[in-house]
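Biologist: I've got the model open and a pile of labels I'd like explained. Can you walk me through the reasoning behind them?

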Amino acid sequence: MSSVRTNVPYGSHPLQTLDVCHQNPSPAAPWLIYIHGGAWRDPLITKSTAHPLLHHILLTHPTLNAATLNYRLSPHPDQPQATARHPDHLNDVLSGIFYLRDNYGVAPNRAVLVGHSAGATLVFQVLPQLGAAGLWPAAVVGVEGIYDLVGLVDEYPGYAGFVEGAFGERERWSAASPGWEGCKGYKGRTVLMHSDDDELLSWRQTLAWRARIEGARGKGGKGQRVRLVRARGLHDEVPEGRELAGVVSELVGEMTVKETEVRHML
Ligand SMILES: Nc1ccccc1C(=O)C[C@H](N)C(=O)O
């Protein structure tokens with residue numbers, strides 16, 4: 001029954017594609033859905049950057065299904081003809097997730113959504129839209145994430161170029177950054193990971209985003225906390241690291257317990 005498919009189109013653009021490993025046909029199967037980083041533009045950072053994580057996690061969790069998504073990119077010095085602009089990246093991620101729901105039956109509350117770097121921005125941008133569609137995931141994991149575009153360029157003026165390329169003028173950055181306002185109904189887990197060794201981003205984005213989520217959620221409520229996890233390695237090494245695999249493994253383990261409960265209920 002197990003099937004691995006690569007470059008499955010979820011739209012007509014060559015980057016509207018995903019890789020999927022469907023090894024558990026149960027409608028209650030847990031899913032890992034990965035959104036890559038690369039500053040919304042890097043042609044070399046694609047859905048394939050999740051393959052080491054997927055290999056490891058799918059072998060250790062034989063009831064897990066997984067997918068990793070490409071999405072259209074903004075112009076890069078090596079790929080100036082790319083034309084995507086916000087909200088194209090976000091719309092593609094949403095289309096890809098809807099494709100998985102429609103074609104593989106990914107159920108609400110059975111998905112762990114992982115985003116790295118600009119992919120972490122995307123998973124939190126897409127979260128309220130998933131909620132609006134009745135598809136709140138079980139967990140969201142942001143890894144070496146960008147969450148506040150204005151704050152990012154204040155800290156690193158050199159990043160203005162790729163932020164402009166993806167989002168346009170500075171006036172638009174604040175509204176385009178993720179917010180927690182549309183996520184009040186979200187009852188899943190939120191994990192933010194960051195590495196001391198990240199050479200491209202300090203802890204500032206991650207800590208400020210955690211403070212924003214926890215502030216918006218109201219302190220002290222049960223299940224309302226953000227879990228902060230220290231990772232190891234350079235910015236683009238963290239997705240392959242043991243810390244992320246460990247976090248995903250735990251989250252999937254929690255869902256597997258629930259799958260057994262679901263089976264008892266049937
Ligand atoms: N994800 C990032 C986060 C912060 C700063 C840079 C990146 C990049 O990915 C840079 C990429 N190599 C680029 O130049 O397009």
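**Buried, exposed and in between**

Modeller: Let's begin with Trp40, which counts as buried because it has 29 C-beta neighbours inside 10 Å. Being buried takes 20 or more, so Trp40 with 29 qualifies. Keep in mind that this is a predicted model.

Biologist: What makes the backbone of Trp40 worth a remark?

Modeller: Its phi is near 65°, and that is a positive value in a residue other than glycine. Trp40 is found in the loop between strand 3 (31-35) and helix 1 (51-60).

Biologist: Which other residue that is not a glycine has a positive phi?

Modeller: Glu144, with a phi of about 50°. That one lies in the loop between strand 6 (139-143) and helix 4 (149-155).

Biologist: Why is Glu144 called buried?

Modeller: Glu144 has 29 C-beta neighbours inside 10 Å, and the label needs 20 or more, so buried is the right word for Glu144.

Biologist: And Gly215, is it buried or exposed?

Modeller: Exposed, because just 10 other C-beta atoms lie within 10 Å of Gly215, and the cut-off for exposed is 12 or fewer. Gly215 is in helix 7 (residues 204-217). Its C-alpha is 9.9 Å from that of Arg225, 10 residues away in sequence.

Biologist: Which residues carry the "active site" label?

Modeller: UniProt, in an unreviewed entry, lists Ser117, Asp198 and His235. They are spread over 119 residues of sequence, yet they cluster in space, with a largest C-alpha distance of 10.8 Å.

Biologist: Why is Ser117 called buried?

Modeller: There are 29 other C-beta atoms within 10 Å of Ser117; 20 or more is enough, so it passes. Ser117 sits in the loop between strand 5 (111-116) and helix 3.

Biologist: What makes you say that helix 3 is mostly covered?

Modeller: Of its 15 residues, 11 are buried. Among them are Ala118, Phe124, Val126 and Leu130.

Biologist: How do you know the span of helix 3 is close to what is expected?

Modeller: Helix 3 (residues 118-132) reaches 22 Å from its first C-alpha to its last, and 21 Å is expected at 1.5 Å a residue. There is still a kink of about 30° at Val126, shortly before the proline Pro128.

Biologist: Why is the peptide bond between His86 and Pro87 called cis?

Modeller: The bond joining His86 and Pro87 is listed as cis, with omega at about 10°. Pro87 is in the loop between strand 4 (65-69) and helix 2 (88-104).

Biologist: Which residues surround the ligand?

Modeller: The shell includes Gly37, Arg41, Asp42, His76, Ser117, Tyr159 and Leu201. It divides into six nonpolar, four polar and two charged residues.

Biologist: What does the record say about residues 25-122?

Modeller: The UniProt annotation there, from an unreviewed entry, is "domain: BD-FAE-like". Over that stretch the chain is 33% helix and 16% strand, and the end C-alpha atoms are 27 Å apart.

Biologist: What confidence values does the predictor give the complex?

Modeller: It gives an ipTM of 0.90 and a pTM of 0.94. For the protein chain the mean pLDDT is 94, and 93% of its residues reach 70 or more.

Notes. Residues are numbered from 1 along each chain as its sequence is written. This is a predicted model: local features need pLDDT of at least 70, side-chain atom pairs count only at pLDDT 80 or more; totals for chains, interfaces and linings use all residues. A residue is near a molecule or strand if its C-beta atom, placed from the backbone, lies within 6 Å of it. Ala, Val, Leu, Ile, Met, Phe, Trp, Tyr, Cys and Pro count as nonpolar, Asp, Glu, Lys and Arg as charged, and the others, Gly among them, as polar. pLDDT is the predictor's confidence in each residue, from 0 to 100. UniProt positions are given in the numbering used here, feature names are shortened, and annotations may be inferred rather than shown by experiment. Helices (H or I, at least four residues) and strands (E, at least two) are DSSP runs, numbered from the N terminus. The expected span of a helix is 1.5 Å times one less than its number of residues. The bend at a residue is the angle between axes fitted to the seven residues ending there and the seven starting there.
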